[in-house]
Amino acid sequence: MATSYQWPTVHNFPQSPQKGFTESVGINVLRSPMDVGPAKMRRRGARPSVLNVQFILTSQQAQDLQDFINNDLLGTRRFNFKHPRTSSTVEVRIVPQSDSEFYKLTYIAPGYWQTDLVFEVLP
Amino acid sequence: MSRLSTLSPTAIRAMFSSETEQAVVMLLTIYGLDGTSVVIRLADNFNKRISETDTEIIYGVRSRSNDYVFLPMEISLPSEGEDGSSNCSIRFNFVTPEAIQIIREQLTGPVKILLELVLTDGTSNDVDTVEATFSGFYITSASYNAQSITLNLGMINYNTEPFPAYNFTPKNFPGLF
């Protein structure tokens with residue numbers, strides 16, 4: 001059952017990061033270095049891809065984001081998000097940074113804010 | 001008898017090859033907590049979502065039509081030597097109030113468990129082939145702190161059992177005395 005929670009669309013909420021985007025992709029493997037020769041590698045399992053996304057939000061959209069995280073996600077739930085590279089819908093969670101900080105708003109101009117978010121794509 | 005003699009060729013090849021997509025999964029089955037018929041099935045890895053709701057995903061593996069819930073754990077297996085200890089332990093780095101309540105209220109006696117090793121091949125297929133089985137273990141004690149829960153496992157030690165079972169003592173045969 002896919003989640004019913006969706007990335008906000010109200011007030012022309014940005015659906016793709018306008019400011020910046022980086023993606024970390026990988027697989028969990030065990031890598032055992034040998035005294036001589038190449039290391040041995042064994043697959044462990046799937047690893048969530050990590051997306052660093054940066055949005056430019058209006059003051060209203062910043063409030064929408066806060067309401068979305070506080071009231072809908074309750075900080076922990078996953079939601080559907082359009083992957084910026086593949087344009088497919090993926091299920092992601094917001095990864096809190098240090099001290100349970102979900103995002104930080106940076107003032108860039110009157111009524112406009114920049115925010116950095118870290119998503120993890122659930123396998 | 002060495003475990004190698006019971007492993008499948010696929011498992012042996014996976015264990016000795018330099019690169020392999022095969023991942024070893026430990027399946028832990030806990031039988032009958034507190035005398036009930038409840039069976040808890042856990043795995044230390046996953047290859048699929050075995051259940052998902054609107055708010056939660058449960059990862060795990062499916063083996064022989066049973067779902068094993070993914071819960072990271074560290075297992076120290078019993079050694080293979082002749083003087084090998086028959087003790088092993090399992091440590092969960094996941095502590096919840098519910099788990100502590102189960103330990104305090106339902107671990108009132110030795111609880112039988114079963115350890116099994118299976119291989120996953122990187123797909124979400126069921127893992128029905130058991131490569132190794134460690135049976136006969138019981139949870140003999142449990143300890144926990146804020147970070148981890150450790151279950152100590154042991155086997156029945158027949159060396160300390162009385163033999164023959166009954167002695168001619170006043171307690172067992174009062175009519176003879």
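# Reading a predicted two-chain model

Modeller: Let's start where the chains meet in this predicted model: 15 residues of chain B are in contact with 12 residues of chain A. On the chain B side, that contact surface has 3 nonpolar, 8 polar and 4 charged residues.

Biologist: Which strands are joined by bridges between chain A and chain B?

Modeller: The general idea comes first: strands of a sheet pair through backbone hydrogen bonds, and they do so either parallel or antiparallel. Here, strand β3 of chain A (residues 40-46) runs parallel to strand β1 of chain B (residues 19-20), with 2 bridges joining them. To find the spot, look for A:Met41, whose bridge partner in β1(B) is B:Glu19.

Biologist: What is the strand order in the open sheet that holds β3(A)?

Modeller: The order is β2(A)-β3(A)-β1(B), an open sheet of 3 strands with mixed pairing. β2 (27-32) of chain A and β1 of chain B are the edges; each has a single partner strand, so one side of each lacks a neighbour in the sheet.

Biologist: In what sense do β2(A) and β3(A) pair, parallel or antiparallel?

Modeller: Antiparallel, over 6 bridges. A:Met41 turns up again here, as the bridge partner of A:Arg31 in β3(A). On its other side, A:Met41 pairs with B:Glu19 in β1(B).

Biologist: A:Lys40 is in that strand too. Is it buried or exposed?

Modeller: The way to read this is to count neighbours around the C-beta atom: 20 or more within 10 Å makes a residue buried, 12 or fewer makes it exposed, and anything between is partly exposed. A:Lys40 has 15 C-beta neighbours inside 10 Å, so it counts as partly exposed. Setting aside residues within four places in sequence, A:Lys40 is in contact with A:Ser32, A:Met34 and B:Ser18. For a sense of distance, its C-alpha atom is 28 Å from that of A:Val121, which is 81 residues away along the chain.

Biologist: How do the elements of chain A run from the N terminus on?

Modeller: They run β-β-β-β-α-β-β-β-β, which is 1 helix and 8 strands. For the overall dimensions, compare the radius of gyration with that of a compact globule: for 123 residues it would be near 14 Å, but chain A has 17 Å. The C-alpha trace spans about 60 × 35 × 30 Å along its principal axes, and 13% of the 123 residues count as buried. Contacts tell you about the chain's path as well: among those between residues at least 6 apart in sequence, 66% join residues at least 24 apart.

Biologist: Which residues of the helix α1(A) are buried?

Modeller: They are A:Gln61, A:Leu65 and A:Ile69, and the buried residues of α1(A) pack against β4 (49-58) and β6 (89-94) of chain A. A check on the helix is its end-to-end reach: α1(A), residues 59-73, has 15 residues and reaches 20 Å from first to last C-alpha, close to the 21 Å expected. Just past the helix, A:Leu74 takes a positive phi of about 55°.

Biologist: Which residues touch the most other members of the largest nonpolar core?

Modeller: Those are B:Val25, B:Leu27, B:Ala43, B:Ile113 and B:Leu119, out of 28 residues in that core. Several elements of chain B give it two or more residues, including α1 (9-16), β8 (88-92) and β9, but β2(B) gives the most, with 6 residues. There is also a second, separate core of 11 residues, which includes A:Val53, A:Leu65, A:Phe81 and A:Ile94. You met A:Leu65 a moment ago as one of the buried residues of α1(A).

Biologist: What is B:Ala43 in contact with, leaving aside its neighbours within four places in sequence?

Modeller: Its contacts are B:Val25, B:Met26, B:Leu27, B:Gly60, B:Val61, B:Tyr68, B:Val69 and B:Phe70. B:Gly60 is also the bridge partner of B:Lys48 in β5(B). There, β4 (residues 48-52) and β5 (residues 57-63) of chain B run antiparallel with 4 bridges, and a hairpin through 4 residues joins them.

Biologist: Where is the other hairpin, with β10(B) in it?

Modeller: It lies between β10(B) and β11(B), with 4 residues between them. In general, side chains in a regular strand alternate between the two faces of the sheet. In this hairpin, 6 bridges join the antiparallel strands β10(B) and β11(B) (residues 149-154), and B:Ile139 stands opposite B:Leu153. β10(B), residues 130-144, also pairs antiparallel with β9(B), residues 111-120, over 7 bridges; B:Leu117 stands opposite B:Ala132 there.

Terms used. Residues numbered from 1 in each chain as written. Chains lettered and ligands numbered in written order. Predicted model: local features only at pLDDT ≥ 70, side-chain atom pairs only at ≥ 80, totals over all residues. Contact = placed C-beta atoms within 7 Å. Nonpolar A, V, L, I, M, F, W, Y, C, P; charged D, E, K, R; others polar. Pairing = 2+ DSSP bridges. Expected span 1.5 Å × (residues − 1). Core = buried A, V, L, I, M, F, W, Y, C linked by C-beta atoms within 7 Å. Rg over C-alpha atoms; globule rule 2.2 N^0.38 Å.
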